[in-house]
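Thanks for coming, everyone. I would like to walk you through one model today, going from a loop to a strand and then to the ligand.

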Amino acid sequence: TTTIVWFRDDLRVTDHPALDAACRRGEALALYVLDEASEGVRPLGAAARWWLDGSLRSLRASLEELGVPLLLRRGPAGQVVPDVLERTGAGGITWNRRYGAPERAVDAAVEQWCAGRGVAARSFRAGLLHEPSELRTGAGGPYRVFTPFWKALRSREVRQPLPAPRAGRGALPRAADAGGGEDPGGWDLLPPPERAEGLARAWTVGEAAAWERLDAFLDRVEDYAEGHDRPDRDGTSRLSPHLRWGEISPYAVWDAAVRHRAERGSSPGLEKFLTELGWREFNWHQLHHVPDLHVRHVRPRFDAFPWRDPAEAAADLRAWQQGRTGIPLVDAGMRQLEQTGWMHNRVRMVTASLLTKNLLVDWRAGEQWFWDRLVDADPACGPGNWQWVAGSGADASPWFRIFNPVTQARKFDPDARYVRRWLPELAGDEGVDPFEPGPLGPALGYPEPIVDLRASRERALDAYASTR
Ligand code: FAD
């Protein structure tokens, strides 16, 4: 009997419980549905589409080695998946669970369809270490504070990752017979060539690359405690897009880190790294409890926040997007984002703080830009972190903590290597302060600051006070 394995944000073959279960039963046919039509499902941003294209190609090659064809279909999954099941006469379907509300609704509808037709549907936990519905406070509610959440998470056992399944057997239906294609080329996922080239220079997409990155990172994880805050160093894992697309599972990352600890001993860097995986989980659990996290404040006090009128703030938003605010650390980060689809976490915090606090632009406009530009953009960690910076989120940084981007740059990019790398205008002239070029900027083709940091800080504090 044939089992359909419905791939979603889990584009890998190792530690893939749904694929494993299907291969144990007999023939497996892999399916990916590009769903931009189901209600509430957020269409992917441009950088995410680029990543998806590469990741599907890589997955197809890995599946081919296992004898499992990959069928690509496009449309509302609630219709497409039943159609594939009917055309192939498959007796079962497996998938790894998703945690966004619109996605869960789609999955529930498919499950119901299967129940009505006698098709066995089985789902598995693979993308998170623990189910959001299972991890609850003593009072039975969701965690709103990270530390007790993290304590609870750490007290539970994490299962071992599964190996990749052994090669499949028997004849399989051809993808074309199941009403679809085998190549993502027809989906028009790629951005204009110059953007695509920048992304391709920055990343190797796919499961094998994810494992290589993990191994290389663990070799220097001891430096992470100090190095993770330094955008001028290659101090973090850069696993985020691989985790976002499920090219590697959190179980595999967790297991590798724990093994590393067993072999080489504990270190502050390794413990810090595990905590960041905990923040990933925390954000996903928040999304489970606040399904429209990208538009709704966790703390309702912010519903009345006096953001600037979008039309009046449009030019500032544009300058921020283009990396032309005249504030070097912010502009360096925004250009890193534009050119590579990724930005260092410290700089994400500083750019988000400048937009929401100094420029008083609604964080949702910034989140939307990141959603389009980040290769790791996801519906939990994106909005969760934006709300963390804005102060409206769970266990968030308070509003009055307004980063000074010049001080931040001096502290975390002390030799100005990061700003000079991304702002070639400032790279050459030794007479200009690369952290604060001020009025000397325009002669070098670099703008003067669009906002006075001190006055805008006061304005931000007043705006917040007005919501009391
Ligand atoms: P590492 O430092 O090596 O951390 C390891 C892993 O832990 C990451 O790959 C990621 O999965 C997780 N992680 C680390 N920091 C966080 C965090 N603060 N919150 C949640 N998970 C974390 N991360 C995303 O994955 N997608 C997003 O859309 C996203 N948007 C963000 C927006 C803003 C405004 C901010 C401040 C942060 C955002 N982050 C987002 C979190 C963080 O910046 C990235 O996960 C991190 O920079 C990825 O780089 P890395 O893989 O080298 O991280």
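Before the loop, a word on naming: helices are DSSP runs of H or I with at least four residues, strands are DSSP runs of E with at least two, and both are numbered from the N terminus. Please keep in mind that this is a predicted model, in which local features need pLDDT of at least 70, side-chain atom pairs count only at pLDDT 80 or more, and totals for chains, interfaces and linings use all residues. Residues are numbered from 1 along each chain as its sequence is written.

With that settled, D413 is found in the loop between α17 (405–412) and α18 (417–422). Is D413 buried or exposed? I call a residue buried if 20 or more other C-beta atoms, placed from the backbone, lie within 10 Å of its own, and D413 is buried because 25 other C-beta atoms lie within 10 Å. The C-alpha atom of D413 is separated by 6.6 Å from that of P231, although the two residues are 182 apart along the chain.

Let me turn to the N-terminal part. An unreviewed UniProt entry annotates residues 1–129 as "domain: Photolyase/cryptochrome alpha/beta", and I would add that such annotations may be inferred rather than shown by experiment. That span is 45% helix and 22% strand, with its end C-alpha atoms 31 Å apart.

Within β1, residues 2–7, six of the six residues are buried, so the strand is largely enclosed by the rest of the structure. T2, I4 and W6 point one way from the strand, whereas T3, V5 and F7 point the other way. Strands pair here if DSSP finds at least two bridges between them; β1 runs parallel to β2 (residues 27–34), to which six bridges join it, and T2 stands opposite E27 in β2. The chain passes from β1 through helix α1 (residues 17–25) to β2. β1 is also joined by four bridges to β4 (residues 92–96), again in parallel, with I4 opposite I93.

Finally, the ligand. A residue counts as near the ligand if its C-beta atom, placed from the backbone, lies within 6 Å of it, and of the 27 residues around the ligand, T236, S237, S240, G382 and N385 come nearest. Which helices supply at least two residues of this shell each? They are α9 (240–244), α11 (268–289), α14 (345–358) and α16 (381–390).

Methods
Buried ≥ 20, exposed ≤ 12 C-beta atoms within 10 Å, placed from the backbone. Right-handed = clockwise from strand over helix to strand, strands pointing away.
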